[in-house]
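Dear colleague,

Please find below the structure for your records. My notes on its helix packing and nonpolar cores come after it.

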Amino acid sequence: MKKKLYFTALLLIGIIGVSNAQAQNQECMTNLSIYVEHAKVKNYDAAYTPWKMVYDNCPDINWANFAYGERILKSKVKKSSGAEKEGFINDLLSLYDNSGKYFPKKAKKAEVIIDKVLLKYNNKMIQNDEIYQMLGQAFKEDLANFKNPKALYLYFSSLVDLHNAGKKDLQEVFDVYDEVTEKIEAENVKLTDIITKLLPKEEEGTLTSKEKKRLSSATTNSESFGKIAGSIDSKLGALADCGNLIPLYQKSFDAKKGDVTWVKRAVGRMFSKECTEDPLFVKLVEAQNALDPSADTYFYLGLLKQKARDNKGALADFNKALELETDSRKKSKIAYKVATIYRRGSKSTARNYAQKAINANSSNGRAYLLIASLYAGSANQCGTTTFEKRAIYWKAAEMARKAGRVDPSISGRANKSAASYAAKAPTKEMIFTAGMAGKTVSFKCWVGGSVKVPNL
């Protein structure tokens, strides 16, 4: 009898527990509906109390607890001060942690860490060592989801500050710089692929509303990555000049000459910083050739021959590099590098390689920008009258604008160049005086082709 009463009691307790859970769950669903409606119209003050009830009692009932909860708490942080503000900040930090706990598939590790760092950073609650440690963890453990441009900059910037304070060595700065810039480039490749696919449809006027949003988003994000890349280069600044690079690489050469990644990065950086006159550059190229005789190696061997005034041998190596490279984007990079080498010598050769870069990768905006500068630098050679000479700037401006369209990450520089070139082109008064409105100017110099004069 006692045993039967015992099980009856357990059954009753279980029923009551389920009943209470169902009641609480229903209350959570009701309050969820209430706060979501308020949050949708950005009435976050009204949304706070019902949201708090649901979040505290049913955190895993719906992802909205975290998606809208973030907005609600950010609003509270913005409107409060002192101890109250600090309390809301701590609540938001806890919410980020819990988002990963209850919805691990939605709350990616890198994104959670980045959100926490940026919240602390924006409220002056974090130092460089913690920024670098936390973002370093996110970068190393969840690189695929580390896509925030500001966080990428903070990761590198905090390291440079730590180096300047004597806490990190220069090699680590260079290593992280390479990793971060490679990540930025990888993200921008994805974005320019979208842009390359949609630009022709935009020009034809056949974009759907969904495609317009996608193109706009890709363009904006590419511009953001471009700005961050520029800021990172500025932050690196003089640390990467030849005076620092050469001693560092000389010191590490014997220990690192078998590390193909280190050697390739060292060669690439010395080339980009024009430290190629130093004998160390030759040693590094030879080491790369021994470790990985690839397309890149032939490019650098060509560079050495070009410096030795063996132009025929240099061009043979450059073309061999292009022939060996099967990846279109890498081929484009090599062709662009060759174009930069010849820009001060043979403009036509430089344009040929810049065009090869574009043919391999139509989103190589830097190649378009280089061609624009080649055209602009030929104004005095491309006409007999002042009007004809200045008309070349229209062609240069056109190429510069194209550079910004295909690769928005360089749109700031491209637009500035285009505006500068356009300002040097014939004025409306000159067009009117010459009677050239709507006519075509042909170029008989190396540039070739023509440009149509704008109508007044």
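The findings are set out below.

This is a predicted model, in which local features need pLDDT of at least 70, side-chain atom pairs count only at pLDDT 80 or more, and totals for chains, interfaces and linings use all residues. Residues are numbered from 1 along each chain as its sequence is written, and side-chain values use heavy atoms, with hydrogens and water left out.

The largest nonpolar core (buried Ala, Val, Leu, Ile, Met, Phe, Trp, Tyr and Cys residues joined through side-chain atoms within 4.5 Å; buried means under 20% relative accessible area, with a 1.4 Å probe and protein chains only) has 114 residues. Those with the most contacts inside it are L135, F146, Y249, F281 and F299. Helix 8 (helices being DSSP runs of H or I, at least four residues, numbered from the N terminus) gives the most to this core, with 12 residues. Another core, of 29 residues, lies apart from it and includes V36 and L92.

F299 belongs to helix 13, residues 295-307, and counts as buried because its relative accessibility is 1%. Leaving aside neighbours within four places in sequence, F299 is in contact (heavy atoms within 4.5 Å) with residues including F271, F318 and I341. On the same basis, the contacts of F281 include F271, Y300 and L304.

In helix 8, L170, Q171 and F174 meet N244, L245, L248, Y249 and S252 of helix 10.

Yours sincerely

Technical notes:
Helix = DSSP H or I, 4+ residues; strand = E, 2+ residues; numbered from the N terminus. Buried < 20%, exposed > 50% of the residue type's maximum accessible area, 1.4 Å probe, protein only.
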